[in-house]
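Trainee: Could you walk me through a structure I just opened? I'd like to start with how its helices pack.

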Amino acid sequence: MILTITEIKRPEEVAELFPIVKKIWSEVFTPIIGEKQVAYMLEHYQSEKNINEEIAKGVRYFSLNIDEKIVGYIAHEVRSDTIFISKLYIDKDHRGQGLMSQVFDWYDQLSETLNRKQQLKVNQKNQEAIAVYQHRGFTIKEEVYAEIGEGFVMDDFLLEK
């Protein structure tokens, strides 16, 4: 399968992306953090409004497409010495088909071009994702705990490559 990576810049493009955002967050995170925290995070961190605000602040969002159908999305921010990958998601129907390898190859090339390390955070209970990241050369740098409101906590690992 050929994956195309398309930058999302305009509110109309964010609106087109948003259904896959909701679908993936429910698929991935409901078993890990529960339905209530997923709903809270979608409202406060991954709403259309939040995504548009992040883009305005310089975070770059991209849709992952197969045959012009959006099957996932990624986002990153270029920092002084790192590319911080804040979103890295493919829907469950397209996992295990080598698409994430294409995304990682894309990030490896960007990292080399910009001469930056790559960093990302992953939920400590997301063992499948952690295994994939470690297979691609990421190592756990530290544990990160963040209270995000209404009693919810994000228990993450910061990984670096």
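Trainee: How are α1 and α2 set, oblique or not oblique to each other?

Mentor: α1 and α2 are oblique, a class for angles outside under 35 degrees (roughly parallel), over 145 (roughly antiparallel) and 65 to 115 (roughly perpendicular). In this predicted model, local features need pLDDT of at least 70 and side-chain atom pairs 80 or more, while totals for chains, interfaces and linings use all residues. Residues are numbered from 1 along each chain, and side-chain values use heavy atoms, without hydrogens and water.

Trainee: At what angle do they pack, and how far apart are the axes?

Mentor: Helix α1 (residues 11-33) and helix α2 (residues 35-44) pack at about 140°, with axes 8 Å apart. Helices here are DSSP runs (H or I, at least four residues), and strands are E runs of at least two.

Trainee: Which residues make the contact?

Mentor: From α1 they include W25, F29 and I33, and from α2 they include V38, M41 and L42; contact means heavy atoms within 4.5 Å. By class, the residues of this contact are seven nonpolar, three polar and two charged.

Trainee: And α3, at what angle does α1 cross it?

Mentor: The α1 and α3 (residues 48-56) axes cross at roughly 130° and come within 10 Å. That makes α1 oblique to α3. Among the contact residues are V14 and F18 of α1 and I51 and I55 of α3.

Trainee: Switching topic: what volume does the largest pocket have?

Mentor: About 1,400 Å³. A pocket is an open set of points on a 1 Å grid where a 1.4 Å probe fits, with protein on both sides within 12 Å along at least five of seven lines; lining residues have an atom within 4 Å of a point.

Trainee: Which residues lie nearest its centre?

Mentor: F29, S86, L88, Y89 and K121, out of 48 lining residues. Strand β4 (residues 82-90) gives the most to that lining, with seven residues.

Technical notes: Grid points are joined across faces, edges and corners, and a volume is the space filled by probe spheres set on the points. Axes are lines fitted to C-alpha atoms, for helices over the stretch in contact, and angles run from 0 to 180 degrees between N-to-C directions. Ala, Val, Leu, Ile, Met, Phe, Trp, Tyr, Cys and Pro count as nonpolar, Asp, Glu, Lys and Arg as charged, and the others, Gly among them, as polar.
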